[in-house]
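Welcome, and thanks for taking a look at this one. Please have the sequence and the structure open side by side as you read.

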Amino acid sequence: MTFDSSPRDAARKAPARSLRHAMAALAALGIAALLATGPAGAEETAQKFPSHAVRLVVPYPPGGSVDPVARLMSQKLTELWGQQVVVDNRPGASTIIGTDVVAKAPADGYTLLLTASTHVSNALLFHNLPYDSFKDFAPITPVYKADFVLVETPSVPANTLQEFIAYAKANPGKISYASAGAGNANHMAAELFSRMAGVKMLHVPYKGGGPLINDMLSGQVQLYFAVPVSVQQLIQTGKLKALATTSEARLPLIPNVPTFAEAGLPGFGMRSWIGLLAPARTPKPIIDKINADMARVLAMPDVRQRMESQGTIPFSMDPPHFAAMMKEDLGTFDQIIKAADIKIEQ
C-alpha cells in the first residue's frame, strides 16, 4: 500500500527541490564560465608554474646510469624555477613501478617521469601493464641520446667485428650476450645485430650493471652492447675488447673504436634515449613551459660539457616531435621483438 504525501510535506519539500535546482544551475553556469575562460586560465597557471616543489620520478635505482642525469636536471631546474625539484627513485619491475606512480599522479605538472626508451618496448612486451604507455602520458622532451659500443671478453679469439662474426657463425649458440634486462635498448641492439650479421647467440638478462660487468670480466658472458662511459676504462686497460660503436662518427670518448659502418656492417644502428614525460591531460601551457625550460637547461655549456663527457648527446625537441619519435621506436621495436620472438614471463 502507498500513501500520498500531505500538502504540508509537499510544501516542506518544495524549497529543498528549488534549492537543489538553483545550485545545479549555478554549477552549470560555473562550468560554462570555466570552459569559456579555460585557455586563459591555463595560461595564467602556466605562468605561475611551479608555485611549489616538483617531484621527478626516476624508475631506476640510485646510482644507475639515469640517476646522474636526473640529479643534474633537478639542480638546474631548481635554480631556474626557484622551487625545489626532488628526485624520487622508484625502481623495480622493468621501470613499471615508478612509471605507474606518474600515470596515476595528478595531471598538474608537479609529478614528472624521467625514463628511457624501455618505456616504449614495455608497451610491446608486457600485456598487463597497469597503464597505457602512450595514452596515459604526455611527452615533454627528450633529454639525451646515447650510442652503444659492442664489447667482448678477451677470451673470444676475435679482434675485429668481422672476425667476431666469422667466429660466431662457426660456433652457433656458443656465444652469450648480456643485457640490462629483457626489452632494454641494449637487448634490442643485440637482437638486431644477430639478425643483420646472421649469427645465433644466447641472451642473458641482468638486473644491474655491476653483476653484468663482473660476469663479463670473468668470461661467463662474452658480448655486451654497453653505454661507452660505463666501459671506457675497461677498454683502455684491455680488460674488454671494443669492436664497434653504433654512432654515425667515432666517439671522442673512445676515438680508436670504429663505427659499425667502418667495421663492415653498414646500416646497423641503435641508440637509447632518456626523456621527460608527464601524466596525460596535463595542461598544454604547462607542458610547453617545461619543454622550453628544459631546452634552456640542455643548452647550458656546463650541462652539455658534463653530459658529453659521459658519452651522451643532450638534445631536445617539441612534444609533438618527441611523440612521433616514440611512435617510430614502437615500430622498430615491434619488428625486432616479433622477428626474435622475444617474450617476457609475467
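The points below cover a strand-helix-strand unit, the nonpolar cores and one residue of another helix.

This is a predicted model. Among its features are a right-handed β-α-β unit made by S1, H2 and S2, and a largest nonpolar core of 51 residues.

**The β-α-β unit and its strands**

- Let's begin with strand S1, which spans residues 54-58 and is mostly covered, with four of its five residues buried.
- Strand S2 takes in residues 85-89, and five bridges pair S2 with S1 in the parallel sense.
- For a landmark in that pairing, look at Leu56, whose bridge partner in S2 is Val87.
- S1 also runs parallel to strand S3 (residues 111-116), and three bridges join these two strands.
- Here the landmark is Val57, which has Leu113 as its bridge partner in S3.
- Helix H2 belongs to the right-handed β-α-β unit together with S1 and S2.

**Ser74 on helix H2**

- Helix H2 covers residues 67-81, and Ser74 is one of them.
- Is Ser74 buried or exposed? Ser74 counts as buried because its relative accessibility is 9%, and the cut-off for buried is under 20%.
- Which residues does Ser74 touch, once its neighbours within four places in sequence are left aside? The contacts are Val85 and Val87.
- Val87 is worth a second look, as this contact of Ser74 is also the bridge partner of Leu56.

**The nonpolar cores**

- Within the largest nonpolar core, the residues that touch the most other members are Leu161, Phe164, Phe193, Phe225 and Phe260.
- Helix H6 (residues 185-197) gives this core its largest share, which is seven residues.
- Leaving aside neighbours within four places in sequence, Phe225 has a list of contacts that includes Phe148, Val149, Leu150, Phe193, Phe260 and Phe268.
- Also on the contact list of Phe225 are Asn186, Ala189, Ala190 and Thr246.
- A second core, separate from the largest one, holds 35 residues, among them Ala46, Ala70, Ile140 and Val303.

**Glu328 on helix H12**

- Glu328 is found in helix H12, which runs over residues 319-340.
- With a relative accessible area of 57%, Glu328 is exposed, since the cut-off for exposed is over 50%.
- How far apart are Glu328 and Val120 in sequence and in space, and what is the C-alpha to C-alpha value? They are 208 residues apart in sequence, and their C-alpha atoms are 9.8 Å apart in space.

Definitions and conventions:
Residues numbered from 1 in each chain as written. Predicted model: local features only at pLDDT ≥ 70, side-chain atom pairs only at ≥ 80, totals over all residues. Heavy atoms only, no water. Buried < 20%, exposed > 50% of the residue type's maximum accessible area, 1.4 Å probe, protein only. Contact = heavy atoms within 4.5 Å. Pairing = 2+ DSSP bridges. Right-handed = clockwise from strand over helix to strand, strands pointing away. Core = buried A, V, L, I, M, F, W, Y, C linked by side-chain atoms within 4.5 Å.
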